[in-house]
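Hi,

Here is the structure I said I would pass on to you. Have a look at it first, and then read my notes below.

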Amino acid sequence: MDVGSMGLQNEIIILKSKPIALNTLRKLDFDVEYYKEGTFTNQRLYKNSPILIQVDWTSAQIINGMISLEWTDDKSFNIDFVDKQYTKFLPDGSYVEFVNIPSKTSYAFGEWVETDQFRIKVTKLDVEKEGKILYKIKDVTSLTSYYANNLDVEAVERGASIMNLSITTSNALMGEAYLNTLMQTYLDLELQDKNEVYSNTIKFIDGQVSGVADTLRFFEKELENYRSENKIYNLSTEGAAVFDQMSELETQLNNEEFKRKYYQSLKDYLLRENYKELVVPSGIGIDDPILNGLIENLLSLQVDKSRLLATQTEISPAVKEINRKIEDSNRSIREILNNVDQNSLMLIEDLRSRINQMDVSFRSLPETEQNLIRIERQFTLSENLYTYLQEKRAEAAITKASNTVNNKIIEPATGGFKITPKPLQNYTVAFLIGILFPLILIFLKEIFRTKIEDLKFLEKRLRIPILSTILLNRSDNNLVVLNQGKSGISEGFRSLRANLKYVLQRDEKITIMVTSTISGEGKTFCAVNLASVYSLTGKKTVLLGCDMRKPKIFGDFKIENKKGLSTFLSGESNDWKEVISPSGYENLDILVAGPTPPNPAELLLSVRFTALVEELKKEYDVIIMDTPPVGLVSETLDLLNHVDLTLFVFRQNYSQRTFIDSLNTLKGTKNLKSIYAVFNGVDMTKVNSGYGYSYGYGYGYYEDYK
C-alpha cells in the first residue's frame, strides 16, 4: 500500500475490526462446532464431521454449551445436553439464561427439529450406522468478537508494507479457511469502495434511460404510422435543412437540460449530505475539471471517514478533522454548482430563443411536411439522448469492470504449526516441577521450622546426653505414674529412673533438680512423676516446689498452698517438718512452694535453704526439686551446688530450637557438670519408625497405646 506508517496502522486496525470479521464469518459455516470425544481433550472437527447441522437463526437457539448427538441407525438420533450451563440466544440478538434443560430425546434425520429452545436440521453424512459426536452452537456476535480479538497482524519487516496475518485455532483447516476468506473479504470491500462512484453513475444513467427508451419507442411508432398514412417518406431540400438545424439546436438544448437536472440532483445530495449516491460529472460527460476534482476529493474523504469509523467514533479527533474537510468541500462544490447552474440556465434560454427563430422558416413549409418534421425531431432527439446515455453507461461499466484493488494476496494461508500442547516440553517441565517443588517445599519447611520436632534433631544438636523420652500425656491428670501405672508414660519414667542409676552409680541419698528453658515444657510434670516412680520403689522421697513465682504442685496432690517453702525460708515457720505435707501416697512427701514471696531469688540463696537441703538429705533417700525455668530467672543456676544431677526438659513441638544452642552455650561458659536432658511430650501418632523413642521398651505394649 502506498501509504504512510499511520495509514498502514489504520489498515491493520481495519483488518482486526469486528465489521470485517462479521462479513468474513457470514461466508463461513463456523456457527456449529463439531468435536470428537477424547480421553483428555475433545478433538475439533472441520470438513470431516459425520453429520451436518443447519441452524435456523430466526428461531431461538441454545448456545455456548456442549451437546451430545448419538445415533444407532440411519433414521434417528438422540440429543443429550451434557453440560451444566447453557445460554439461550433469541432472534432479536439478546441472551437469556437457559433453564429447565431437557432430557435425552430422539429425533429423525433430515427433518427440522423445532422446539421452544432450538430449531435445527441434522443430516447424516457418514456411512457408518452407529456413531457419536459432540457439537456446540455459537452465535455470530460471539464468534465475531473471538476471531477479531485473536487475529494477529504485523509487518513482515520494519517499514515494509507487506503484512503477515496469523490466528490461533484448535483446527488448522479452520484457520486456513478464515484467513483466506478474511483476505478476500478485505479486498472485496476495498474494490466495493473503489467502484461505488461508478455504481452510482450506472444507477443514475439507468434511471434516466428507462424514461428516454419509452419516449423513443413512442415516437418511433408514431413516425412509422404518419409516413404510412400520408405516403410521405423524404423531406424536401428546404425541409431537410430546417430539420437539421432545429435537430442540432434541440439536441444541444436537451443535453443542457440533462446537465441542469444533474446539477439539481447533485445539489440535493449535498444538502442532504447523502454522499453514497453521488455521481462524478465526468461519468455522464460533464467535462468541468474543477467540479470533477472537488467531487472526487469529497468522495475520497468520505471513503477515509468510513474506514476510520470502522475503528473510531464520531467524537475522535481524526473523524472530527475529516468531517471538517468534508464540510469545506461540500460548501465549495455548492458554490460552484450555483455558478454552473446559472450559466447552464442562460445557455438553455439562448437555445430556446434560437429554436423559436427557426419556427418562422418551419411554418413556411407545407403542413404535411411540418408534421413529419415535428415527429422526426422528437424521434431524433430521443434517439440521440438514448445513444448518449448508453455510451456513458458503457463507459462507466467498462471502467468499473477494469478497476482493480491496490492490495493483493501474496501468499494464501496454510496450516501452521502446533503451539500447544508440546509433549516434550510439558513432560520436561512436569519432571522438573516434580523434583524441584518438593525440594523447595522441604527447604522452606526447614527454614520456618523453629521448634524441636524429633529426637534425632535434638540428639544431633545437643551436647549433653538424653536420658529418656516421655510420651505425650493426653489426660487431665498429671499423676500418671501413680494413677496409670501400666501406661507408656509411666514406663518412660521407669526408664528414666533406670538410666539415672547408671549415671549416678548409686541409688540412695540423691538430689535431683528438674528445670527447663521456659514455662510450659513440662518440668513440673516430669518432677512430679519422677518423684512418684522413686517412691514406688520404697525410696523415701520428697518433692520440693522451688518455683515460688508460679507454684503448681499443690493442685495435682490437692494440697493447700497456705504454707510451704516460702513460709519456712522467710522465717514464718522455724520447723521445716511443719511445712512438709503428706502426698497421700506411700513414701512420698511434698514441700509445696507456699505463698508467693516478694523476693523468691534471695530466699533460695539464703542460708536457711542450704540448711533445709542438708536436713532433707538426712531424712529422705531421694530429693526432687522442681525449680524455676533457667531461661527466665537467675536463681536456678545457683541451686546446682545443692544437687547431684540436673535434668533439663525439652518438649516436642513446643521448645524452640534456639533453646538447644542456649543450653550448649550455658554448659560451655558455666562449665556445668552432671546435667542431662529429657525429651518430653512425644506424640507417638506422629513418630516415624527408626527414631528409637521407646529405647526398646515397646510403648505399644501398654494399655493406653494398644
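What follows is a short tour of what turned up, sheet by sheet and then a few local details.

One thing to keep in mind from the start: this is a predicted model.

**The six-stranded sheet**

Let's begin with the open sheet of six strands, which are ordered β2-β1-β12-β5-β6-β9 and pair in the antiparallel sense. At its edges sit β2 (43-45) and β9 (105-108), each with pairing on one side only. From one strand to the next, the twist averages 35°.

To find your way inside this sheet, try β1 (residues 32-36) and β12 (residues 131-137), an antiparallel pair with four bridges. Val-32 is a handy marker there, as it stands opposite Ile-137 in β12.

**Strands β3, β10 and β11**

Next, look at β11 (residues 119-124), which runs antiparallel to β3 (residues 51-55) and is joined to it by five bridges. Ile-53 has Val-122 of β11 as its bridge partner. β11 also pairs with β10, again in the antiparallel sense, over three bridges. In that pairing Glu-114 stands opposite Arg-119, and a hairpin of four residues leads from β10 to β11.

**Two helices that cross**

Two packed helices are described by the angle between their axes and the distance between the axes. For α2 (residues 18-25) and α3 (residues 140-150), the axes come within 9 Å and cross at roughly 120°. The two helices are therefore oblique to each other, and the crossing is right-handed. On the α2 side the contact is made by Lys-18, Ala-21, Leu-22 and Leu-25, and on the α3 side by Val-140, Leu-143, Thr-144, Ser-145, Tyr-147 and Ala-148. Sorted by class, that contact has seven nonpolar, two polar and one charged residues.

**The eight-stranded sheet**

Further along the chain there is an open sheet of eight strands, this one with mixed pairing, in the order β15-β22-β21-β16-β20-β17-β19-β18. Its edge strands are β15 (466-471) and β18 (581-582). β15 runs parallel to β22 (residues 675-682), with four bridges between them, and Thr-469 stands opposite Phe-679 in β22.

Which helices should you look for on this sheet? One is α19 (residues 658-670), which packs on the sheet, touches β21 and β22, and has a direction at about 165° to that of β21. Another is α13 (residues 523-535), which lies across several strands, including β15, β16 (510-516) and β22, and runs at about 155° to β16.

**Aromatic pairs**

How many aromatic pairs does the structure hold? There are 17 of them. Take Phe-77 and Phe-109: their ring centres are 5.0 Å apart and their planes are at 45°, so this pair is tilted. The pair links distant parts of the chain, with Phe-77 in strand β6 (residues 76-81) and Phe-109 in the loop between β9 and β10 (112-114), 32 residues apart.

**Two backbone details**

Most residues other than glycine have a negative phi, and most peptide bonds are trans. Here are two spots to check against that. Asn-64 has a positive phi, near 60°, and is found in the loop between β4 (61-63) and β5 (67-71). The peptide bond from Thr-420 to Pro-421 is cis, its omega being near 0°. Pro-421 belongs to the loop between α8 (367-402) and α9 (423-448).

Cheers

Key:
Residues numbered from 1 in each chain as written. Predicted model: local features only at pLDDT ≥ 70, side-chain atom pairs only at ≥ 80, totals over all residues. Heavy atoms only, no water. Axes fitted to C-alpha atoms, helices over the stretch in contact; angles between N-to-C directions. Parallel < 35°, antiparallel > 145°, perpendicular 65-115°, else oblique. Left-handed = near helix turned anticlockwise from the far one by under 90°. Contact = heavy atoms within 4.5 Å. Nonpolar A, V, L, I, M, F, W, Y, C, P; charged D, E, K, R; others polar. Pairing = 2+ DSSP bridges. Phe/Tyr/Trp six-rings, centres within 6.5 Å; stacked < 30°, edge-to-face > 60°.
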